[in-house]
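Colleague: I should like to learn how to read the local features of a model such as this one. May we go through them in turn?

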Amino acid sequence: MAQHFSRSKAFRDFTSDDIKRMTERSAWEFFCNARWGSFTHVGCPTCNQVDKHYFIPSRKQWRCKYCGRVFSVTSDTPFTNCRLSFLKIMELIYEYAHAPKGLSANEACSKVGITYRTAWQNLHKVREAIFHAQNRVKLSGYVQIDGCHVCGKPRRGRKRVKMSSEIINNHLKNRKANIVPNRYPTEKWNVEKLKNRRIVLVLRQIGEKPGDGGVRSITCILKAESPSEVIQAVKRYVAPGTVIHTDDGKAFSSLNSLGYKHKTVRHSAQYSTDDGVNNNQAEAFFSRLRRAEYGTYHGMRPQYLAFYAAEFGWRDDMRKETMKTKLISILSCVLRSDISFAFRRYGQGHRLCFEYLG
Ligand SMILES: [Zn+2]
């Protein structure tokens, strides 16, 4: 069996030893290179002029030759006005990029030596930047699609009810169709909890060569796995004429009539048909997302679910890249995006009051 890339020597081109050897100056240079590809010729965030602006060494800032604005490497990015040192941010992003199934703020705060609140807020800013940087150009060629129920897990009742085979069969038959399964108690608090249930829809383009696996993923959040919502998302993110493989869910049944070459695999009978129809790459994505939900984050809130889904899309797409490439990819996403909308002024009570759906 071929060795997984993450266990090869080529993967380990940037380790914790490199972080330990870094100084504040070299971490800052790493930031500049990730943002502008240089730390001498830099771009002004206001007038976008790339030049050798007037450097103020004591403050690691520049004054723009054209508009006079004083700026730093983190100006107008999610880390604007961040009081953490560059070395600490590097450490945080290194730990985040390194963790195969996500990094919880609880773990990050002890590893990096920052407070829980700082770790939570900054990790979410990174996720938000990855979400906004996700390549949403239409997928083509061969695409696998599936949906997964996340958030709003209801609690079971205080008393255990023996399940008859009839109830279990009924549940299995209807589990995709019913967003509110019947077997859970219908107390008020449980019904409220179930309102938080969302569908993460993943659309993964598969490489042309055998063994390539998923090469690009697009994730989106739906309120239900209904035909109308799923088809709207497929039309938005998949080019006509694409070969689409899905399971036999009702939501996908009309894709053939919309100009796609749709094939299904019946999961109650098999995971791959004799002629190779499967959606195992989409299932693999959910396998990692589910382990992160239960094992790392212990729950995700619906208003931030789009960020978590994008994080795992990024992790899957970057699985064959080296450690250093991953680090630069995250830093470029963060340093090239705008000031965080969802988490700026979080400490002053500002909250995201809508969800990124579709
Ligand atoms: Zn300027």
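The dialogue below takes up a helix, several single residues and a pocket.

Modeller: This is a predicted model, in which local features need pLDDT of at least 70 and side-chain atom pairs count only at pLDDT 80 or more, while totals for chains, interfaces and linings use all residues. Residues are numbered from 1 along each chain as its sequence is written, and side-chain values use heavy atoms, with hydrogens and water left out.

Colleague: Which residues of helix α8 are buried?

Modeller: Buried means under 20% relative accessible area, exposed over 50%, and partly exposed in between, with a 1.4 Å probe and protein chains only. Helices (H or I, at least four residues) and strands (E, at least two) are DSSP runs numbered from the N terminus. In α8, residues 227–237, the buried ones are Val 230, Ile 231, Ala 233, Val 234 and Tyr 237. Viewed along the axis of α8, they fall within an arc of 160°, so they line one face of the helix; the arc is that of the directions from the helix axis to the C-beta atoms. Their cover includes β6 (142–150), β7 (198–206), β8 (214–222) and β9 (243–247).

Colleague: With which residues is Thr 219 in contact, beyond its neighbours within four places in sequence?

Modeller: Contact means heavy atoms within 4.5 Å. Thr 219 belongs to strand β8 and is buried, at a relative accessible area of 3%. Outside that sequence window, Thr 219 is in contact with Gln 134, Arg 136, Leu 201, Val 202, Phe 285, Ala 309 and Ala 310. Thr 219 and Gln 134 are 85 residues apart in sequence, with 8.8 Å between their C-alpha atoms.

Colleague: Which side chain makes a polar contact with that of Thr 219?

Modeller: A polar contact is a pair of N or O atoms within 3.5 Å; within protein, one must be able to donate a hydrogen and the other to accept it, and residues adjacent in sequence count only if both atoms are side-chain atoms. The partner of Thr 219 is the side chain of Gln 134, at 3.3 Å. Similarly, the side chains of Asp 76 and Arg 69 are joined by a polar contact of 3.2 Å. Asp 76 sits in the loop between β5 (70–71) and α3 and is partly exposed at 28% relative accessibility. Its C-alpha is 5.7 Å from that of Asp 338, 262 residues away in sequence.

Colleague: Where is Ser 340, and is it buried or exposed?

Modeller: Ser 340 lies in the segment after α11 (323–335) and is buried, with a relative accessible area of 2%. A polar atom of its side chain lies 3.0 Å from the backbone nitrogen of Phe 343.

Colleague: What should one note about a positive phi?

Modeller: Most residues other than glycine have a negative phi. Cys 151 has a positive phi near 70°; this residue is in the loop between β6 and α6 (165–174). Arg 345, in the segment after α11, has a positive phi of about 55°.

Colleague: How many residues line the second largest pocket?

Modeller: On a 1 Å grid over the protein atoms alone, a pocket is an open set of points with protein on both sides within 12 Å along at least five of seven lines, and lining residues have an atom within 4 Å of a point. The second largest pocket is lined by 24 residues, of which His 4, Ser 6, Pro 100, Arg 288 and Arg 319 lie nearest its centre. Elements giving two or more residues to this lining are α3 (86–98), α9 (280–297), α10 (305–317) and α11.

Key: 1 Å grid on protein atoms, 1.4 Å probe; cavity = no way out; pocket = protein on both sides within 12 Å on 5 of 7 lines; lining within 4 Å.
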